[in-house]
Amino acid sequence: MIDTKVDLPGLQLKNPVMPASGCFGFGREFAQFYDLSHLGAIMIKAATATKRFGNATPRVAETASGMLNAIGLQNPGVDAIIGEELAFLEPYQTPIVANVAGSTMEDYQEVAAKLGNSTVSALELNISCPNVKEGGVQFGVDPELAYTVTKLVKEASAKPVYVKLSPNVADIVTMAKAAEEAGADGLSMINTLTGMRIDPSTRKPIIANQTGGLSGPAIKPVAIRMIHQVYQAVDLPIIGMGGIETTDDIIEYLLAGASAVAVGSANFKNPYICKELIDQLPDALSAHQFSSVKEVIGGAHYQTTST
Ligand SMILES: Cc1cc2nc3c(=O)[nH]c(=O)nc-3n(C[C@H](O)[C@H](O)[C@H](O)COP(=O)(O)O)c2cc1C
């Protein structure tokens, strides 16, 4: 019997697999395909203080082994999310992680305070969205701003806070340490890498926002490298994400140092992907001679080298 349970701050996970924020909406569409109670947790779409329409279209483009998106944090606003979306999700036996976003420090505080009084199990602090011009993205690339916004959000809410790191920095460890010093309970990493595509026939960027965030299998090696670095430098649990499509991908993330994983873009290709990975994980762990998820975590750091 393979033990797939993982306990993280605020999150008692029956398995380590959850959909990533922005790639599962608020679960309504996916609930038509399978019972959401199968999921280890659900990371819901970003919440901002007021409703956002998001960026102009086109806002997605295909790339080799991935996709670009510049949705721009489209969401109905935190009050509607609490009143309607969380109410819809409440009957499911799975913890909900709310994604907190904004343009100013005050926005983050307001959203965190409101979600702090809701049924969510934890907050994911999105300081890493590359697709909104104002605020948020700057907080994710400047360690002092990341420290301040994390501290303010911790003060505004008693829920555990997972700071979502941006890969669009030269030194990921400095950002992780800033979050840790500010009192973060965990990290989630990584968000998308800023990219661009140009259409040869129009000679213009394909995405109306010009740049977008690259996700999918193309970014997995970047995420694995960053998680491996951060695992050695800070003492916080990590939820890993970026290009996960198979159970071996999950094992790779766990070995690098993630304690759980989130599946993003793959949900758009196969809406059953999270459930399939959860169903397949025990056999995959067993095939690699593991008897629990816990014993895989950080495994790549403990191997002895033969002389
Ligand atoms: C269409 C789309 C929308 C996203 N929206 C959000 C969001 O609202 N908040 C957030 O923190 N991350 C958002 N992300 C980033 C994902 O949660 C994830 O970090 C990233 O896509 C890497 O995982 P993947 O390669 O499995 O997609 C979004 C990604 C995509 C593709």
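A pocket, on a 1 Å grid over the protein atoms alone, is an open set of points where a 1.4 Å probe fits, with protein on both sides within 12 Å along at least five of seven lines; its lining residues have an atom within 4 Å of a point. This is a predicted model, in which local features need pLDDT of at least 70 and side-chain atom pairs count only at pLDDT 80 or more, while totals for linings use all residues. Residues are numbered from 1 along each chain, and side-chain values leave out hydrogens and water.

**View 1. The ligand sits in the largest pocket.** "Sits" here says that more than half of the ligand's atoms lie within 2 Å of the pocket's grid points. Of the 36 lining residues, Ser21, Gly22, Cys23, Asn69 and Thr192 lie nearest the pocket's centre. Strand 4 (42-47) and helix 8 (266-269) are among the elements that give two or more residues to this lining.

**View 2. Let's look at the residues around the ligand.** There are 24 of them, and Ser21, Lys164, Gly216, Gly243 and Ser265 come nearest (near: a heavy atom within 4 Å).

**View 3. Oxygen atoms of the ligand meet polar atoms of the protein.** Look for polar contacts, pairs of N or O atoms within 3.5 Å. The side chain of lysine 45 offers an N or O atom 2.9 Å from a ligand oxygen. On the backbone, isoleucine 190 has a polar atom 3.0 Å from a ligand oxygen, and for alanine 46 the distance from a backbone N or O atom is 3.5 Å.

**View 4. Here is the second largest pocket.** Its lining includes Phe24, Arg28, Glu29 and Lys45.

Note on methods: Polar contact = N/O pair within 3.5 Å; in protein donor to acceptor, adjacent residues only side chain to side chain. Helix = DSSP H or I, 4+ residues; strand = E, 2+ residues; numbered from the N terminus.
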